[in-house]
Amino acid sequence: MVNPSLADVTRRLGGIAYGGDYNPEQWPREVWHEDMRLMREAGVNLVTVGVFSWSRIQPRPGAYDWRLLDEVLDLLHEHGIAVDLATPTAAPPPWFTRQHPDARPVTVSGSRLAHGSRQVFCPSSPAYAQAADDLVTALATRYGSHPALAMWHVHNEWGNHNALCYCDTSAAAFRTWLQERYKTLEALNEAWGTDFWSQRYGDWEEIDPPRDTTAFRNPGQELDYRRFSSDALLARHAEESAILRRLAPQVPLTTNVMGTLEKKIDGYAFAATCDVVSVDHYLPAADPDAHIDLALNADLARGMAAGRPWLLMEHSTSAVNWQGVNVAKRPGETRRNSLTHLARGADGLMFFQWRQSRAGAEKWHSAMLPHAGTDGRVWKEVKALGSELAALREVTGTRVRGDVAILFDWHGWWALELAARPSDTLSYLDAVRDWYEALWRLNITCDLVPPGADLSGYRAVLAPSLYLLSDGDAENLTRYVDQGGHLAVGCFSGVVDEYDRVHLGGYPGALRDVLGLVVDEYLPLRSGEAARLEDGSYARHWAERVEPRGCTPELRFADTPDGGPARGGPAVTRHTYGRGTAWYAACRLPMNTLGKLLRTLCAEAGATPVVDAPPGLEAVRRSGEPHDYLFLINHTEEAIRLPVTGVALAGAHVTDGQAAVPPGGVVVIREELASTPADPRPGTRHSPQGAST
Ligand code: GAL
């Protein structure tokens, strides 16, 4: 049997999925009828139901009450709205906690958390597992063949609030996980370097989670605890998924992962188990360039989906309520955000939530239907977006192809940010964001993929601060270059193995051959200190003393007193290795300098911008048969005119071969494929063997 997929959902919907979380249990029945009418008015075709309904569905142990879901699912079906039915396991009801007080999670300092929020459960609790599995079985038995059911939504944002639990049950589960991983205590002692500080274990029972202690915890233990915690939730996810697949194998299944908003779980691992990859994204309000974070996360979603279309399960119509100052979106911003996700491969755009809550912890979170009802900007924009997406339905199923891969790795993130590093100013996300932003400003499309991914189809590969690199993944990068690839590596990469043990023999042990250099010393900069580069720019936070072993320095730290601790030494190097090229940046390069490096590298690798556009115009292409679709997103205050070949489906008209993209606007052009026969389309993957060298 072919696995169900997002294509099954969009085929059934007749185009792009549009809707949000629908929580009718918060409202009296009369309101549900109004909801149906307004959903239709807004063009909503898919809603997530039941995500936090456990206490309604099962008001007491063993007693199910299906009245609400029966009625709501029938009502939605009558109105032609499909259902993404959630397993409501992310919010165990009060009776569960009362019955199983030991199932509550425990913090690193040993306090057991109280009931009163959501995800109040220990991921390893057998009582929780039993209760959740019973509930999921009952739900799937009742609704597995309901005509409204289009997709299963497993749990909600696994690990958002409770990923790291330090209770005794978790401790026992951790020991079992370690026994499976290491088989012998000897291997564990070796991996964790337990001879340091007399930590050698003689019995599995001596091992605890890395709870609060006197000084630094063992980093290998901490890293494994992260892995174990992610795996414990993954096991729960797998169990729920198995029940749903057994009882309703025809229904595609998803869970909403959170991209870079969630450090604690390995998003790739969860996405790999789903028929439909879906993600949530919320703009970091304090970031004036939050649209770049959005684009990065959309490209990561596509990476998690191995290039296939994916679903944006949640974003917001305006402000959220959990960021301190919760900035409202400006007019047109929701459209711009939504169409950017669409441009980068989403086949569905959903919001948290349909109707803004009147009470409860999220009443100040925006929704598709605000407190004021249908008066006001938000509703108007929601309605307009619904009809625009209907007009863009032909985009569904087309693919975005990244020419470049940025390596992104949760394990590397965990490791880089453990305690007791050379500098805590090196943040993994900052490094990834820098490199992504430089590429974004060049309008070169990239996928974010794990370091073990098949890289052979990418013209260039970038590895920002990939501190943790296993021998196997290092081999993957080396082979890529050897066979003709173009690799650029950011500072403090390839330093430790998967156990956080240093690769010996000169830094960066895992990559020094391919890079043709040795780093003699890592030289973090004091806060406020900067190291001048030869091009007149300044690097902050970090510098390294690099000794070339075959590489050519392309840019140096200035040989003046303000050149910093590595003055006069290489800051950017380049090395020919096999049939390819490997670059290294020995500091956190300022944006302009990084941009220049990536422009050179991409030009040599044949990775071209989607279009030649002025700064502030974001361009992405979705490719398909018989058309390509060019998305032009204007982040500036001025209209931008651009030559295009095709017709505008949204946002403007094409006149005299030119599209005018309004300030803050988005234009979607249906391109004629016949217009570019001789010139391989940017974004078309090829093997690096064929790349010009
Ligand atoms: C998500 C969550 C939703 C809602 C939303 C608010 O993390 O899945 O249930 O809380 O945040 O932004």
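How many residues apart in helix H2 are Glu41 and Arg37? They are 4 residues apart, with about one helical turn between them. This and the other close-ups below come from a predicted model.

**View 1. A salt bridge within helix H2 joins Glu41 and Arg37.** The N to O distance between the two side chains is 3.8 Å. Helix H2 covers residues 29-42. Glu41 is partly exposed, with 36% relative accessibility, and Arg37 is partly exposed at 49%.

**View 2. Asp500 and Arg421 form a buried salt bridge.** Their closest N and O atoms are 2.9 Å apart. The pair links distant parts of the chain, 79 residues apart. Asp500 sits in the loop between strand E12 (486-489) and helix H17 (512-515), and Arg421 in the loop between helix H14 (410-416) and helix H15 (428-441).

**View 3. A salt bridge connects strands E13 and E15.** Asp520 in strand E13 (residues 517-522) and Arg545 in strand E15 (residues 538-548) are 25 residues apart, and their N to O distance is 3.0 Å. Asp520 is partly exposed at 38% relative accessibility; Arg545 is partly exposed as well, at 30%.

**View 4. Residues around the ligand include Arg118, Glu314 and Glu362.** A polar side-chain atom of Arg118 lies 2.9 Å from a ligand oxygen, and one of Glu314 lies 2.8 Å from a ligand oxygen. For Glu362, a side-chain N or O atom is 2.4 Å from an oxygen atom of the ligand. The protein covers 97% of the 310 Å² of accessible area that the ligand has on its own. The surrounding shell comprises 4 nonpolar, 3 polar and 5 charged residues.

Terms used
Residues numbered from 1 in each chain as written. Predicted model: local features only at pLDDT ≥ 70, side-chain atom pairs only at ≥ 80, totals over all residues. Heavy atoms only, no water. Near = heavy atom within 4 Å. Polar contact = N/O pair within 3.5 Å; in protein donor to acceptor, adjacent residues only side chain to side chain. Areas by Shrake-Rupley, 256 points an atom, 1.4 Å probe, with all protein chains shown as cover. Nonpolar A, V, L, I, M, F, W, Y, C, P; charged D, E, K, R; others polar. Salt bridge = Lys/Arg side-chain N within 4 Å of Asp/Glu carboxyl O. Helix = DSSP H or I, 4+ residues; strand = E, 2+ residues; numbered from the N terminus. Buried < 20%, exposed > 50% of the residue type's maximum accessible area, 1.4 Å probe, protein only.
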